[in-house]
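Student: I get lost when I try to take in a whole structure at once. Could you pick a single part, look at it closely, and then show me what lies elsewhere in the chain?

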Amino acid sequence: MARSGGIERADRAGVKLDTALGQDWRLQTGISAGHTGWGGEIMLRREKDAAESTYLGYVLDPDRTLDDVTLTGRDHGKFVGGARRKLGESTSVFGENSYDLFGQRRTLASSYGVEYAASERTVWTGAAEFGRVADDATGDLDRVALSFGVRYDDGKRLSMKGRLELRRDSGTYEGRDRDADTILGTGTVRYALNDAERIVSSLQFVLPDNGTATPARGRLHPLRSGLCAAAHRQRPAEPAREIPVSLRSLRSGRRTGCRAGARGRRPMW
């Protein structure tokens, strides 16, 4: 990979296998190596028609980062399991449990939600999340969050999505209380001018009410807009559900920018 300036080397090579284990079941395995270390994935999936899916596995991403968290020790990856069920023509439920071993920071989290397709273009989502972070260096944190979101895609040029979250934290940070109630929100609008260019605008905000809380003392209101030009045709947007914000970060540890088809996971915990 060609690079210039202060960009570090990020070469990586790997192999991935997708094996059918019988009716509905598949085993996905992969391993990679590069300048930032070894990576790997093993995931057992069951896809029953389009109405039911289940997954269980382990992922190790050597390039993973968490906002406002310094990795102490080694990242030992993340165990995850979840399922999705369609209850009718327009309603689906989903749930996910995970155990994250990010150095000495250990996170056990669960999320459950419902998705309602009001039309072919508009989908509403509601979710509840519960989790606990155990960190020997900074202290433990318990979190409960409720989130509500909507996304719209006309299938041609315009797509929009937004999410509002109400979060309650309780615990300690370096011996001090960090009990806090916080409102978070994100919004993105994309408009395709043609196959290679699109306008993207996004808004993120955090409104903390954190009397004794240590983190997030101020208000964050970043607004970004720009014109993105892709070197090739943009891939169609994936119909996957939106993961609630509280277990993701408002500012991704990776820069996905305006690259066509780029996807970035956003861990908050």
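**A strand and its partners**

Tutor: Of the 269 residues in the protein chain, 33% are buried. Keep in mind that this is a predicted model. The protein chain has 14 strands and 0 helices, so from the N terminus on one reads β fourteen times in a row. Among contacts between residues at least 6 apart in sequence, 44% join residues at least 24 apart. The protein chain exposes about 16,400 Å², and carbon and sulfur atoms supply 55% of that area.

The part to look at closely is strand 10, which covers residues 158-173. Start with its pairing to strand 9, residues 141-153. Strand 9 and strand 10 run antiparallel and are joined by 13 bridges. One pair you can find on the screen is Tyr152 with its bridge partner in strand 10, Met160. The two strands form a hairpin with 4 residues between them, and in that hairpin Gly155 takes a positive phi near 80°.

Strand 10 also pairs with strand 12, residues 180-192. This pairing is antiparallel too, with 12 bridges. To locate it, look for Lys161, whose bridge partner in strand 12 is Thr188.

A further partner of strand 10 is strand 11, which consists of residues 176-177. Here 2 bridges join the strands, again in the antiparallel sense. Thr172 has Asp177 in strand 11 as its bridge partner. This hairpin has 2 residues between the strands, and Glu174 takes a positive phi near 50° in it.

Now turn from the pairing to the side chains. In a regular strand the side chains alternate between the two faces of the sheet. On the surface there is a nonpolar patch formed by Leu146, Phe148, Leu164, Leu166 and Ile183. Together these residues have about 420 Å² of accessible area. Strand 9 and strand 10 each supply at least two residues of the patch. Phe148 belongs to strand 9. Its relative accessible area is 47%, so Phe148 counts as partly exposed.

The charged side chains Arg167 and Glu165 give another view of this part. They meet in a salt bridge, with 3.0 Å from N to O. Are these two buried or exposed? Arg167 has a relative accessible area of 8% and is therefore buried. Glu165, at 1% relative accessibility, counts as buried as well. The cut-off behind both statements is 20%, because buried means under 20% relative accessible area.

Side chains of opposite charge can pair when their charged atoms come close. The count for this structure comes to 14 salt bridges. Some of them lie away from strand 10, and a useful set to set beside the buried pair is a network that links Arg46, Glu52 and Arg85. Within the network, Arg46 and Glu52 meet at 3.6 Å, N to O. Glu52 also forms a salt bridge with Arg85, where the closest N and O atoms are 3.8 Å apart. That pair links distant parts of the chain, since Glu52 is in strand 4 and Arg85 in strand 5, 33 residues apart. Each residue of the network is partly exposed: Arg46 at 23%, Glu52 at 22% and Arg85 at 29%.

Strands 4 and 5 come up once more, this time through rings. The structure holds 1 aromatic pair. It consists of Tyr58 and Phe79, whose ring centres are 4.8 Å apart and whose planes stand at 45°, so the pair is tilted. Tyr58 lies in strand 4 (residues 52-60) and Phe79 in strand 5 (residues 75-86), so the pair ties together parts that are 21 residues apart in sequence. Tyr58 is partly exposed at 22% relative accessibility, and Phe79 is partly exposed at 41%.

Finally, compare the hairpins above with a loop closer to the start of the numbering. Asp24 lies between strand 1 (12-22) and strand 2 (25-34). Its phi is near 80°, a positive value in a residue other than glycine. Asp24 is partly exposed, with a relative accessible area of 25%.

Notes:
Residues numbered from 1 in each chain as written. Predicted model: local features only at pLDDT ≥ 70, side-chain atom pairs only at ≥ 80, totals over all residues. Heavy atoms only, no water. Buried < 20%, exposed > 50% of the residue type's maximum accessible area, 1.4 Å probe, protein only. Contact = heavy atoms within 4.5 Å. Areas by Shrake-Rupley, 256 points an atom, 1.4 Å probe, with all protein chains shown as cover. Phe/Tyr/Trp six-rings, centres within 6.5 Å; stacked < 30°, edge-to-face > 60°. Patch = residues over 30% accessible without salt bridge, like charges linked within 9 Å, V, L, I, M, F, W, Y side chains within 5 Å. Salt bridge = Lys/Arg side-chain N within 4 Å of Asp/Glu carboxyl O. Pairing = 2+ DSSP bridges.
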